[in-house]
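The exercises below are meant for working through with the sequence and the structure side by side. Try each task before reading the solution that follows.

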Amino acid sequence: MNSRGEQDPHDRLLSEEADGVFGALADPTRRRVLVRLADRPDDAGAVARDLGVSRQAVAKHLRILTDSGLVHARPHHRRQVHAVRPDRIREISDLLGAVSRGWDRRLEQVRERAERDKAAESVEGGSGPGASR
C-alpha cells in the first residue's frame, strides 16, 4: 500500500488477478474476440461467425475473458450478450502507464547522471577535444 492507502502499481502488476488478465490477453484468439466485442457487443455465435472460429472455441475464450474481468455477459432475450468492460481496460492501461512512468523517471535519472559525468569530464580534461596541453 502507498501513503494514500492504494495498492502499489507494482504489487498490482504482480498479483494473481494480473496473472489472470495477462494470461487471458496472452492468447491471440482471445485478443481477436476482445477486439471484436469492443467493436460490437454480441453473443458467442455471432462472434464465432465473424472470426471464423467454432462457437465452442469462442465460448471457451469468452469464459476466460469473463473470469479475468475483461468481458461481462448479460442476458438479452434468449441470448447471452458479451461486451468489453471499458473500466477494466482503462484500469489495466493505467496500471501499465504507472509502470511506464516509473521507467521514464529512471531513464531520466540515467540521462541526468550521464550529462553530469560528461560535464565533469570536460572540466577535468580542459576545454575539450583539440585543446592544447
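A pocket here is an open set of grid points with protein on both sides within 12 Å along at least five of seven lines, and its lining residues are those that have an atom within 4 Å of a point. The model is a predicted one.

**Exercise 1.** Find which residues line the largest pocket, and work out which helix gives the most to the lining.

*Solution.* Begin with the space itself, which amounts to about 160 Å³ in the largest pocket. Next, collect the lining residues, which are Asp43, Ala44, Gly45, Arg55, Ala59, Leu62, Arg63, Thr66, Arg78, Arg79, Gln80 and His82. Then set these against the secondary structure: helix H4 (44–51), helix H5 (55–67) and strand S2 (79–84) each supply at least two residues of the lining. Of the contributors, H5 gives the most, with 5 residues. Finally, sort the lining by class, which yields 3 nonpolar, 4 polar and 5 charged residues.

**Exercise 2.** Determine how H4 and H5 are placed relative to each other, and which residues make their contact.

*Solution.* The first step is the geometry: the axes of H4 and H5 come within 8 Å and cross at roughly 115 degrees. Because angles of 65 to 115 degrees count as roughly perpendicular, H4 is roughly perpendicular to H5. The second step is the handedness, and this crossing is right-handed. The contact is made by Ala44, Gly45, Val47 and Ala48 on the H4 side and by Arg55, Val58 and Leu62 on the H5 side. Divided by class, the residues of this contact are 5 nonpolar, 1 polar and 1 charged.

**Exercise 3.** Describe the crossing of H3 and H4 in the same order of steps, beginning with the angle between their axes.

*Solution.* Helix H3, which covers residues 28–39, has an axis that comes within 11 Å of the axis of H4, and the two cross at roughly 110 degrees. That angle makes H3 roughly perpendicular to H4, and H3 passes H4 in a right-handed crossing. From H3 the contact takes Arg32, Val33, Arg36 and Leu37, while from H4 it takes Ala46, Val47, Asp50 and Leu51. The classes in this contact of H3 with H4 are 5 nonpolar, no polar and 3 charged.

**Exercise 4.** Establish at what angle H2 and H3 pack, and which residues meet there.

*Solution.* Helix H2 (residues 16–26) packs with H3 at an angle of about 95 degrees, and their axes are 5 Å apart. It follows from this angle that H2 is roughly perpendicular to H3. At the contact, Gly23, Ala24, Leu25 and Ala26 in H2 meet Pro28, Arg30, Arg31 and Leu34 in H3. As a last step, the classes in the contact of H2 with H3 are 5 nonpolar, 1 polar and 2 charged residues.

Notes: Residues are numbered from 1 along each chain as its sequence is written. This is a predicted model: local features need pLDDT of at least 70, side-chain atom pairs count only at pLDDT 80 or more; totals for chains, interfaces and linings use all residues. Side-chain values use heavy atoms; hydrogens and water are left out. On a 1 Å grid over the protein atoms alone, a cavity is a set of points where a 1.4 Å probe fits but cannot get out, and a pocket is an open set with protein on both sides within 12 Å along at least five of seven lines; lining residues have an atom within 4 Å of a point. Grid points are joined across faces, edges and corners, and a volume is the space filled by probe spheres set on the points. Helices (H or I, at least four residues) and strands (E, at least two) are DSSP runs, numbered from the N terminus. Ala, Val, Leu, Ile, Met, Phe, Trp, Tyr, Cys and Pro count as nonpolar, Asp, Glu, Lys and Arg as charged, and the others, Gly among them, as polar. Axes are lines fitted to C-alpha atoms, for helices over the stretch in contact, and angles run from 0 to 180 degrees between N-to-C directions. Angles under 35 degrees count as roughly parallel, over 145 as roughly antiparallel, 65 to 115 as roughly perpendicular and the rest as oblique. A crossing is left-handed if the near helix is turned anticlockwise from the far one by less than a right angle, and right-handed if clockwise. Contact means heavy atoms within 4.5 Å.
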